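Hi,

Here is the model I promised to pass on. Have a look at it first, then read my notes below.

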Amino acid sequence: MPATRKRKPKKPALLSCGRPPTISHKHPASLSSKFTRTLISSHHQLHKALVNATTKGDAASAANIKAQLENQGGLEAYQAASITGQGSQRGGDSSKVLMEWFAALSSPLKESRLGEGRKLKMLEVGALKTDNACSRSRLLDVTRIDLHAQAEGILQQDFMQRPAPETEKQQFHIISLSLVLNYVPDASGRGEMLKRTRSFLRVLRSQDTPLLEEVSPSLFLVLPASCVINSRYLNEERLTEIMESLGFVMIKRKMSAKLVYYLWRYTHTGAGRKDVVKERPFRKEEIRPGRKRNNFAIVLH
C-alpha cells in the first residue's frame, strides 16, 4: 500500500483578501484595466442610486448605498482608479486631444503670438493630476478644481458652488469638463452645469489677437461614448441642439472606442449683445428605444 502524502496545513487567509484591492497612490498603474473600469462603473451606478434614494426619502436604502460606496473606498478610490486610467501607460489623458487640436488649427497658436507673458486661461473642472498634457503646455495657465483634491495645485471646490466671476480676470478662455458631466447624477443637474459654464467664459476684447477667435471662448467636453451612441434620451443630434440653444457651436470632434471629445466655441458673448439663438427647454424624451440602452440624458428647463 503506497504511503499517503501528508498535506501541509493551509495558512489562514489574510483579512485583506476578503476586501476590495487596496488603492496605491504611489503606483496607480499597478491596478488592472478591468479592475479600474469595474470600480468606476460601480461607483457611478451606486452614486445615481444614492441620489434616487435620497430624492424619494428612502433613508434605509440611502444608508445601505453609502455603506457600499465606503466599502469600495468612496470618492478617493474612484479618483485613484481614474488617475490610473489617465496614466501614460493607459493612454488616458484626455487633454492630449485638446492639445492636438490646438496644434492642428489653421493658424497654429504659439505663446509668442499671444503677446509676451500672456497665456490662455483654462479652468479644469474635475482635475485629477497636475502633470497632464494641458498642464505642461506653455500656452495655458491652468486653474484646477475638484470635489476631492488629490494633489497640491488642485483646489478642492464644487464647480456649481464656485462664486460667479465679477471681473474679467476671474473668467477663462477655456473650460474643461472631461468626464465630469456624466458624473452629475441627474439630467437637470447636467443641464444646469452646462448653463453655468457660460458665465465663466471670457469675452474677447478688440485688442485680442484674431487667433483667439479660433479657440476662445470654448468648452472642452469629454463624455463616455455610450452617452451619445447608446442612450435612450440623447444622441449627437440632440446634444448639438442643446449646445446650440446655449450658444455653443461645435468646432472639433473626435470619437474613440470608449470616449467622445468635443470642443464647443461659445459665440454669444459681448457687452450689450443679444443671443442670436434663444435658449429653449429640452425635456427627457425617448429618441432611441431599446432594452439595452442606457438612461443618460441632459435636461434644460
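**The hairpin and the sheet**

Let me start with one pair of residues: Val249 has Arg265 in β7 as its bridge partner. That pair belongs to an antiparallel match between strand β6 (residues 248-255) and strand β7 (residues 259-266), joined by seven bridges. The two strands make a hairpin, with three residues between them. Bear in mind throughout that this is a predicted model.

Zooming out, the hairpin is part of an open sheet of seven strands, in the order β3-β2-β1-β4-β5-β7-β6, with mixed pairing. β3 and β6 are the edge strands, each pairing on one side only. For an example of the parallel sense, go to β4 and β5, which pair over five bridges. There, Leu177 has Leu221 in β5 as its bridge partner.

**The protein overall**

The protein has nine helices and seven strands. It has 301 residues, and 45% of them are buried. If you take the contacts between residues at least 6 apart in sequence, 68% of them join residues at least 24 apart. The accessible surface comes to about 17,200 Å², and carbon and sulfur atoms account for 51% of that.

I also checked for disulfides, and the count is zero. As for individual cysteines, Cys134 is buried at a relative accessible area of 0%, and Cys227 is buried as well, at 7% relative accessibility.

**Helices α7 and α9**

How many of the eleven residues of helix α7 are buried? Nine of them are, so to speak of this helix (residues 187-197) as mostly covered is fair. The buried set is Ala187, Gly189, Arg190, Gly191, Met193, Leu194, Lys195, Arg196 and Thr197. You will see Arg190, Lys195 and Arg196 in that list of buried residues.

Helix α9 (residues 236-245) is worth a look too. Its buried residues are Arg238, Leu239, Thr240, Ile242, Met243 and Ser245. What do they pack against? The partners are α7, β5 (218-224), α8 (226-229), β6 and β7, which brings us back to the hairpin strands, β6 and β7. When you look along the helix, remember that an α-helix has 3.6 residues a turn, so residues three or four places apart point the same way.

Both ends of α9 have something to show. At the N-terminal end, Asn235 acts as the cap, with a side-chain oxygen 3.3 Å from the backbone nitrogen of Glu237. Just after the helix, Gly247 takes a positive phi of about 100 degrees.

Ser245 sits in α9 and is buried, with a relative accessible area of 3%. Which backbone nitrogen does the side chain of Ser245 reach? That of Arg280, at 2.9 Å. The two residues are 35 apart along the chain, yet their C-alpha atoms are separated by 6.2 Å.

**A glutamine in a loop**

Next, go to Gln157, in the loop between β3 (155-156) and β4 (174-178). Is Gln157 buried or exposed? With a relative accessible area of 18%, Gln157 is buried, because the cut-off is under 20%. Its side chain makes a polar contact with the side chain of Arg162, at 2.7 Å. Setting aside neighbours within four places in sequence, Gln157 is in contact with Ile145, Asp146, Leu147, Arg162 and Pro163.

**How far to trust it**

The mean pLDDT of the protein is 77, and 66% of the residues score at least 70. Among the elements, α7 has the highest mean pLDDT, at 97, while helix α5 (residues 111-114) has the lowest, at 50.

Two stretches need care. Over residues 83-91 the pLDDT stays under 50, and the model has 23 contacts for them beyond four places in sequence. Residues 270-275 are also below 50, and this stretch has three contacts in the model beyond near neighbours in sequence. Where pLDDT is low, the predicted coordinates should not be read in detail.

Cheers

How values were computed:
Residues numbered from 1 in each chain as written. Predicted model: local features only at pLDDT ≥ 70, side-chain atom pairs only at ≥ 80, totals over all residues. Heavy atoms only, no water. Pairing = 2+ DSSP bridges. Helix = DSSP H or I, 4+ residues; strand = E, 2+ residues; numbered from the N terminus. Buried < 20%, exposed > 50% of the residue type's maximum accessible area, 1.4 Å probe, protein only. Contact = heavy atoms within 4.5 Å. Areas by Shrake-Rupley, 256 points an atom, 1.4 Å probe, with all protein chains shown as cover. Disulfide = S-S within 2.5 Å. pLDDT = per-residue confidence, 0-100. Polar contact = N/O pair within 3.5 Å; in protein donor to acceptor, adjacent residues only side chain to side chain.
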